[in-house]
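Dear colleague,

I am passing on the structure that we talked about, and I would be glad if you could open it beside this message and follow along slowly. My notes come after it.

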Amino acid sequence: MGNRPPVVAILLGDSPVTQCVPRSLPVRIVKRLTAAGLNADREAVTLLAGAGDPAQAVEAVLDRIDQEAVTVTTADVRPVLDDDRVRTDTNVSTGGQNGNNQTTEADSTAEIKGVKTTESTSSRAERDPDSPSVSEDVTGASTGTGVYEDFVAVFRDRYDRLSSILRGRVNHRPTDALESMAGGADGALIGLVTDVRSTRNGHHLVELEDTNGTFPILVMKDRPFADAVDELLLDEVIAVEGTLSDDSSILFANTIHFPDVPRTFDPSTADRHVQAALVSDLHVGSQEFLNGAWSRFTDWLHTAAADPVEYLLIAGDMVEGVGVYPDQDEELDVVDIFEQYERFAEHLKAVPGDMEIVMIPGNHDAVRLAEPQPAFDSELREIMSAHDATITGNPSMVTIEGVSVLMYHGVSLDELVAELPLESVSYEHPAQAMAQLLKKRHLAPKFGGENRIAPEKRDYLLIEDVPDVLHSGHVHKLGVDAYHKVRLVNSGCFQGQTAFQRSVNITPDTGTVPILDLDTLDVTVRKFT
Ligand code: D5M
Ligand code: FE
Ligand code: ZN
């Protein structure tokens, strides 16, 4: 046995259980029983949680229970509680599929950015990761059927909520009120960008739409903010202050405001040293899935160096899927979608059982392609049940240890790279594209492009609350940066270069895992290739 503590400590640590049962204790008990292939009656769990030493009681039940049993009942628990013999040998395996956890620190793991040396505090096992809380998730709340009214509703919601962010900064007028103002007067407008074009002289004509109509804005090419026009995407919401033409038919822009992240934004951090590994894009089932890199990563998670890593966030594309791209089947290792998830579930078992896992789907996963994507359905959850992961939609705002992480797979990043003429926004720098999403306060600003969007009554892709961390994947490129103190992380992937990526000259960042310090929001990138 290596340096992992026995499972008893993973369950409960050293904290004595008195009359006050911690909220997560029953969850820990169920997890341990599930890992051993058993269901449990609620009463049985309650009895175990109330034991003098619940961890030992659980292990004693597991020792004694009939091999054929599928459910732990009170009849299995009572004899154990009546028996006050104290077992001393609690050296049980963690239940992961990697038997050899003797590694201290895998030689193959190299740091890219300097790791802060932290004093060794108590191990992960002795602490207890919080259950993540989730918001802004469409799962179970999807009402859209794609009818006209749904489109009206989602744009209305987008306009209402983004304009309220901008309203404090400009004294805006509705489009129809601007028309009746005196020529030459100063005016301001908040609206969705519905058209951007250049005039013959190289100036820019931007059309904004609000709930009352549309209004044209002229941005002169020599104005210092004219570059902002290059950052505009159709359907995003901006505010413009300017001066009306003599006939009040056009507004000459003096400033352009994006909803943006306030400069004063100060992120929340955890109040103890605890870390999260942010991964994405495993593509299990693809011939290019990097089994070796994943194993090195999960082996490392079992070492002492990874003790503070209590959370694993997976930002989509768990599996390669089927029929996602033309000719994709030529690169499939596993052709059946359910078998792909079964394989993925096996790989997940290599993650230490005491880590909290959060997963959202991506465009290769077996949920609807249109965003917002709901979480995996019950059939897929069942396949992935071993770890009791938090399975939620794309996007989702996930709060761990007081730190809000906006998880979004990242399909709109392709569109930003393709459409924004900015040099800084490219596949080489995915975090720059992520910064644009924060600036626009929207995860998929452009409606009806390559990125399929399902109209819901609420615009789930809008970033109403500024997250402390934005976590994406999809482009298979590593990116770590910050925007107005929001930590930006784009995970690399666990899939080698595909034929398509070769054809467009994209070299993916494989086996790179950003490790986020939740107490400082610092990131250390580890490489497992
Ligand atoms: O996406 C991985 C990255 O590669 C993402 O930037 C899209 C791009 N990609 C990959 N294959 C294709 C095809 N066939 N057409 C267009 N774009 C592609 P992922 O979601 O992992 O496939
Ligand atoms: Fe992917
Ligand atoms: Zn993807």
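Below I go through a metal site, then a barrel, and then one strand with its neighbours.

Please keep in mind throughout that this is a predicted model.

**The metal site**

The zinc ion (ligand 3) has four residues of the protein as its donors, namely Asp317 through OD, Asn363 through OD1, His409 through NE2 and His474 through ND1, and these lie 2.2 to 2.3 Å from the ion. If you follow the donors along the chain, you will find the spacing D-x45-N-x45-H-x64-H. Asp317 also serves a second metal, since this residue bridges the zinc ion (ligand 3) and the iron ion (ligand 2), and the two ions lie 3.2 Å apart. Asp317 sits in the loop between strand S11 (309–314) and helix H9 (337–348), while Asn363 sits in the loop between strand S12 (356–359) and helix H10 (378–383), so the pair ties together parts that are 46 residues apart in sequence.

Are these two donors buried or exposed? A residue counts as buried when its relative accessible area is under 20%; Asp317, at 1% relative accessibility, is therefore buried, and Asn363, at 10%, is therefore buried as well.

**The barrel**

Elsewhere in the model, five strands close into a barrel in the order S5-S6-S7-S9-S8, with mixed pairing, and the twist from one strand to the next averages 55 degrees. Within this barrel order, strand S7 (residues 214–219) and strand S9 (residues 251–257) run parallel and are joined by two bridges, and Ile217 stands opposite Leu251 in S9.

**Strand S10 and its neighbours**

Strand S10 (residues 275–279) is mostly covered, with five of its five residues buried. In a regular strand the side chains alternate between the two faces of the sheet. In S10, Gln275, Ala277 and Val279 point one way and Ala276 and Leu278 point the other way, and all of them are buried.

Which way do the partners of S10 run, parallel or antiparallel? S11 runs parallel to S10 and is joined to it by five bridges, one pair of bridge partners being Gln275 and Val309 in S11. Between these two strands the chain passes through helix H8 (residues 291–301), and this β-α-β crossover is right-handed. Strand S19 (residues 512–517), by contrast, runs antiparallel to S10, with three bridges joining them, and here Ala277 stands opposite Ile515.

With best wishes

How values were computed: Residues numbered from 1 in each chain as written. Chains lettered and ligands numbered in written order. Predicted model: local features only at pLDDT ≥ 70, side-chain atom pairs only at ≥ 80, totals over all residues. Heavy atoms only, no water. Donors = N, O, S within 2.8 Å, 3.2 Å for Na, K, Ca; no water. Helix = DSSP H or I, 4+ residues; strand = E, 2+ residues; numbered from the N terminus. Buried < 20%, exposed > 50% of the residue type's maximum accessible area, 1.4 Å probe, protein only. Pairing = 2+ DSSP bridges. Axes fitted to C-alpha atoms, helices over the stretch in contact; angles between N-to-C directions. Right-handed = clockwise from strand over helix to strand, strands pointing away.
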